[in-house]
Amino acid sequence: MNTPPPLLELRSITVEAGDRTILQVEQLRIERGETLAILGANGAGKSTLLRVAGGLRRPTHGSVSLNGRTATPAQIRQTCAAVLQRPLLRRGSVRANVETGLRFKGVPAAERRKRATQWLERLGLEPLAEQAADSLSGGEAQRVSLARAFALAPQLLLLDEPFGALDAPTRAELLADLRDILNTSDTATLLVTHDRHEAAATADRSAVLHAGTLRQIGPTASVLENPEDAACARLLGFDNILSPAAASRVLGRLLDHAVAVRATDCRLDPDGNGAGTIERILPFGGFTRAIVAIHGIRILSDTPTPAFERLSQLQPGTNVDLHIDASEARTLPCSQPTRRRAKTRNHPDDRLQ
Amino acid sequence: MQVLWDAVTEAFRLLLSGDGETWEIIARSLRISLTATALALVLGLPVSAALAFGRFPGRRIVLALVNTGMGVPPVVAGLVIIVLLWRSGPLGALGLLYTPTAMVIAQTAIALPLVAGFSTAALQHVDPDFRVQMQALGAGRLRSLWTVAAEARLPLLAAGMAGFGAVISEVGAALMVGGNIAGQTRVLTTAAVLEASKGAFALALALGIILLVIAFAVNLVVTAVQQHGRA
Amino acid sequence: MLYRLVQVIAAAVLALVFAACGDGDRESVILATTTSTQDSGLLDELIPAFERDSGLQVKTIAVGSGEAIELGARGEADVVLAHSPAAEQELMAAGKAGARRTVMHNDYVVVGPPGDPAGVRGAQAARALARIAKAKAPFVSRGDKSGTHTFELGLWEDAGVEPGGGWYQESGQGMGATLQIANDKDAYTISDRGTYLATESARDLEILVEGGGELLNVYHVIDIAEDAGERVNAEGGKALADWLVAPAAQNAIKTFGVEEFGEPLFVPDAGKTVEQILAGA
């Protein structure tokens, strides 16, 4: 029993709002220095979880401990720093904003300045240091928000969808910078997001939060690739979720579990036996999505647009064959075989490559 | 029109000639109304913080009371205060009736709902997550409230100005609880009413003009502070 | 933490209140009086002198006679200076007052436009009012239950007229303002002589009816007894009442206004009864 206690541990946490339970977590540990991503859809309870972990919201039941000791929200807040979804900056200069947390903690002015300068440089904000915070773009403001949190050198950094409101290029750039910083610091990080790519880019471990409960937790790669049920699969970007019966028909072998497969792993073959019919074609820019009806089941198939255009004259009504790579099809062990027919999704709300 | 012109010249004569009584009345008006405004801020800001951020039983009722209070005529406030301060009233032992203190109390009662109401709106206008974010950076409860107030300082100043504007210009309560006693509780508004009742309309109007000049000057100072540092 | 905040706020409130006070520590006397004594400027002359002599601080509350007497009756004032005989006698009958003493008198005058459309010049007062009513000439009444208003209503009664209609207007304001309104409307009104003389904006109006016991306006001072309320400063009230009827104040009353208006506004009457005043008038 020599293993040190985790940095932060949530035990038997329940959060109720009105007469609804919005979060129920039996146990969640965050170890020193690791990055843990919590993946969840909107309304899954991600922000609530983050706020409980950061001492920003008192759980209805349960406790949070720091280094093995039960801690009050105020004690937790002394250890953590958080970056919320929207960058909430104070009036004043960028530099003053980066110094905000240090000011709260009574750090002397010289030290404040030094640490602020360091993080302004690190996040490429130096040229903006003396600008008014309310003149920044969304991406710049979120950078300031990150610098402000990092300047505190917290033991635990809490990030609540910090990239949620940013456009794709800004998001990618900031995500890369964040990954570099996290890789070289010993700050533990709890990142909540609905985007598996953010988790893949930053997190050592990931967990899936669905309807207020944790469903899967483990090394990020393993969690992302092995959804245990339809809800997790959907969140992790598996576009096609097939009931056992549907899966049996599409894959041509008898299965007693539901199956999830990404649209990118369903390849169109216009020269095959033509068992399927294209119902719709949806150009998404980088890729083109086809909705194919096969054996009475709708399957989404994504093809990179240049490749799609090389396929001869596909249009709604064209008969095609679908090749599904069996090694990419995931059986969902926790889905209930007897449940109502699983549906495929006709309208994507998740970005795909 | 002659009266208007007389009033303007009289106002400037009173101000510029250093008329002792006029300046004394101006000083008294400012002292009473600024004190009442300051008191209303000291009492009203915690109330508005509780209303903006607290969730307690009766919150809606208090909010409704505050909003109703914003429209209470000064005379009504004056009546309530005078009944309390009467010798035969519950606070009669304090002997405060017909003193500047009584006027401060009445004007505080008038300004309080205004200050509390406008301040609550000002604080609620700040993103509710702002305070959470400040706490997430290590600010304690009061410190985080303070940051929200600092963020809302422009509308909070406006709340203070609304309170001051209401009390410096009200006459009903000042007359009732102050008694308009020369050298003790006579302020610009009550002096103007007295002169008007004597039929000295030019002088009354001159006092009114002085009142406007004073209110304008105070608001100018506050506005300058408010807009300071705004590009 | 919250407790400390409450403490800080309480301290700030108290500090502000006390800073604002500055209401001397001197014992104070509340004088309830009529607006006419204040509007004439007489009290501005008398009260500071009394404060010097006695060391007491006087809070002069100028209201209508009716309200002044009511304040005395409820013990909210320590001494009352009024000119509303009927109400004063009621106060005395209630047994909550010390003595009722005459201080001074002036007289009421009926004033109106020099053209005198109702032809009241030189008439006896009640008859004059009857003519105004008959001619439906404009008349401005105080309408504020003041001593003057009460007196005016009594005169209408004597004249056998129930005033009303478009020609009879109530200003609801003090004597000075009422005079100014009458001046602007070329209307008749009734005023005490002092205020009429002191009101410059009523220069277009002329005195049309004066003299005669009927128009006598006698001011009485009444000190309030401790029975009226537990916090009555009966001693202070009596001190002011005594002072008002003493020679120094009486002399001041005699000369008040002579310089400015060429005639005194009030006649000192200390020690006289109303009958003696009538006999003298």
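Let's start in chain A, where strand S15 (residues 287-294) runs antiparallel to S16(A), joined to it by 8 bridges. Please keep in mind that this is a predicted model. From that pair of strands we can move out to the sheet around it, then to the meeting of chains B and C, and finally to one helix of chain C.

**The S15-S16 hairpin of chain A**

- The hairpin of S15(A) and S16(A) has 2 residues between its strands, and His295(A) takes a positive phi there, near 50°.
- Across the pair, Ala293(A) faces Arg298(A), which belongs to S16(A).
- Strand S16, spanning residues 297-304 of chain A, is mostly covered, with 6 of its 8 residues buried.

**The sheet around the hairpin**

- The hairpin strands belong to an open sheet of 5 strands in chain A, ordered S13-S17-S14-S15-S16 and paired antiparallel.
- At the edges are strand S13 (266-269) and S16 of chain A, each of which pairs on one side only.
- On average, and ignoring direction, neighbouring strands of this sheet are turned by 40° against each other.
- S13(A) is held to strand S17 (residues 319-324) of chain A by 4 bridges, and these two strands run antiparallel.
- Within that pairing, Cys266(A) stands opposite Ile324(A) of S17(A).
- Helix H10 (residues 244-251) of chain A packs on the sheet and touches S15, S16 and S17 of chain A. The direction of this helix makes about 55° with that of S16(A).
- As general background, strands of a sheet pair through backbone hydrogen bonds, in either a parallel or an antiparallel way.

**Where chain B meets chain C**

- The contact involves 29 residues of chain B and 33 residues of chain C.
- On the chain B side, helix H2 (20-53), helix H5 (100-125), helix H7 (141-151) and helix H10 (188-197) each supply at least two residues.
- H2(B) gives the most to this side of chain B, with 8 residues.
- By residue type, the side of chain B that touches chain C divides into 16 nonpolar, 9 polar and 4 charged residues.

**Helix H7 of chain C**

- Helix H7 (residues 147-159) of chain C has 13 residues. From its first C-alpha to its last it reaches 18 Å, close to the 18 Å expected at 1.5 Å a residue.
- The buried residues of H7(C) include Phe151(C), Leu155(C), Trp156(C) and Ala159(C). Also among them are Gly147(C), Thr148(C), His149(C) and Glu152(C).
- Following H7(C) comes Gly160(C), with a positive phi near 70°.

Note on methods
Residues are numbered from 1 along each chain as its sequence is written. Chains are lettered from A and ligands numbered from 1 in the order in which they are written. This is a predicted model: local features need pLDDT of at least 70, side-chain atom pairs count only at pLDDT 80 or more; totals for chains, interfaces and linings use all residues. A residue is buried if 20 or more other C-beta atoms lie within 10 Å of its own, exposed if 12 or fewer, and partly exposed in between; C-beta atoms are placed from the backbone. Two strands pair if DSSP finds at least two bridges between them. Two residues are in contact if their C-beta atoms, placed from the backbone, lie within 7 Å. Ala, Val, Leu, Ile, Met, Phe, Trp, Tyr, Cys and Pro count as nonpolar, Asp, Glu, Lys and Arg as charged, and the others, Gly among them, as polar. Axes are lines fitted to C-alpha atoms, for helices over the stretch in contact, and angles run from 0 to 180 degrees between N-to-C directions. The expected span of a helix is 1.5 Å times one less than its number of residues.
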